[in-house]
Amino acid sequence: MSLITLALSKGRILEDSLPLLERLGMGPAGDIDRLLRVPSQDPNVHLVIIRPADVPTYVEHGAADLGIVGKDVLMEHGGSALYEPLDLDIACCRLSIAAVKGSPYADPGGWPGGRRVRVATKYPEITRHYFAQRGEQVEIIKLYGSMELAPLVGLADVIVDLVDTGNTLRANGLIETGIITRISSRVVVNKASMKMKHAALGDLLARIGSLRA
Ligand code: AMP
């Protein structure tokens, strides 16, 4: 039996992945708050718990055979170096545009003209592509967190960020003005691993798929 390394995205996706792994008999067999590399209850599977944006890189380079990662991260990462065989339908949310409630940028009739609209986001590639397709030239301001703050302090006119319940936007006086895409977590697989560990990975993917059904 080949040893399989599964990369998990820290944070909300990890929380939603753990019950799934437990049901598969692959839950962590170690302290996930301290260890970055944890054995699982299945002796053939090791878990690595890393930042979401690093999961595609680990899997692409074969440092992990497969991973669980948000579609937002995959879209921003780009390329087709990975197989994406399963939508897990967990950590579901949407990637949306939001503006300060009552501001000209919250007007459904369109943005005011005059200068380029400033968009704060953690997702510059998705954002650039989305607005370019609509013929809008925007100025992108890359941030690493707390996007909601940017329009409140005049750093940006609008934001592009993940929205789930909408509570964070509401609490900060922002309003969702458009949805770019729906997001859920996906299983991604290294292409070489898929060939070399075909039996073990095929079996694992079938088990994950059957849980979801
Ligand atoms: P909410 O207040 O429920 O709309 O959640 C919004 C906040 O949680 C924002 O800061 C988002 O970046 C973050 N968030 C929402 N859904 C997800 C998700 N599926 N994965 C990671 N972060 C998320």
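Let me start at one pair of residues: in this predicted model, I4 stands opposite V45, which belongs to strand β3. Those two residues sit within a longer pairing, since strand β1, residues 4-9, and strand β3, residues 45-50, run in the parallel sense and are joined over 6 bridges. As a reminder for anyone new to this, strands of a sheet pair through backbone hydrogen bonds, and the pairing may be either parallel or antiparallel.

On to the other partner of β3. With β2 the pairing is antiparallel and covers 3 bridges, and here R37 is the residue that stands opposite V48 of β3. β2 and β3 together form a hairpin, with 5 residues between the two strands. How much of β3 is buried? Of its 6 residues, 5 are buried, so the strand is largely enclosed by the rest of the structure.

Now let me widen the view to the whole sheet, which is open and has 6 strands in the order β2-β3-β1-β4-β11-β5, with mixed pairing. Which strands stand at the edges? They are β2, residues 37-39, and β5, residues 82-87; each has a single partner strand, so one side of each is left without a neighbour in the sheet. If you look at neighbouring strands here, they are turned by 25° against each other on average, when direction is ignored. Helix α1, residues 12-23, packs on this sheet and touches β1, β3, β4 (66-70) and β11 (185-190), while its direction makes about 140° with that of β1.

Let me turn to the surface, where L149, L152, V153 and L155 make a nonpolar patch of about 360 Å². One of these residues, L155, lies in the loop between α5 (149-152) and β9 (158-163). Is L155 buried, partly exposed or exposed? Its relative accessible area is 38%, and because buried means under 20% and exposed means over 50%, L155 counts as partly exposed.

Finally, the protein as a whole, which has 8 helices and 11 strands. Its C-alpha atoms fill a box of roughly 65 × 30 × 30 Å, taken along the principal axes, and buried residues make up 47% of the 213 residues. The accessible surface comes to about 10900 Å², and 51% of that belongs to carbon and sulfur atoms. As for contacts with a separation of 6 or more, 66% of them are between residues 24 or more positions apart.

How values were computed: Residues numbered from 1 in each chain as written. Predicted model: local features only at pLDDT ≥ 70, side-chain atom pairs only at ≥ 80, totals over all residues. Heavy atoms only, no water. Patch = residues over 30% accessible without salt bridge, like charges linked within 9 Å, V, L, I, M, F, W, Y side chains within 5 Å. Areas by Shrake-Rupley, 256 points an atom, 1.4 Å probe, with all protein chains shown as cover. Salt bridge = Lys/Arg side-chain N within 4 Å of Asp/Glu carboxyl O. Helix = DSSP H or I, 4+ residues; strand = E, 2+ residues; numbered from the N terminus. Buried < 20%, exposed > 50% of the residue type's maximum accessible area, 1.4 Å probe, protein only. Pairing = 2+ DSSP bridges. Axes fitted to C-alpha atoms, helices over the stretch in contact; angles between N-to-C directions. Contact = heavy atoms within 4.5 Å.
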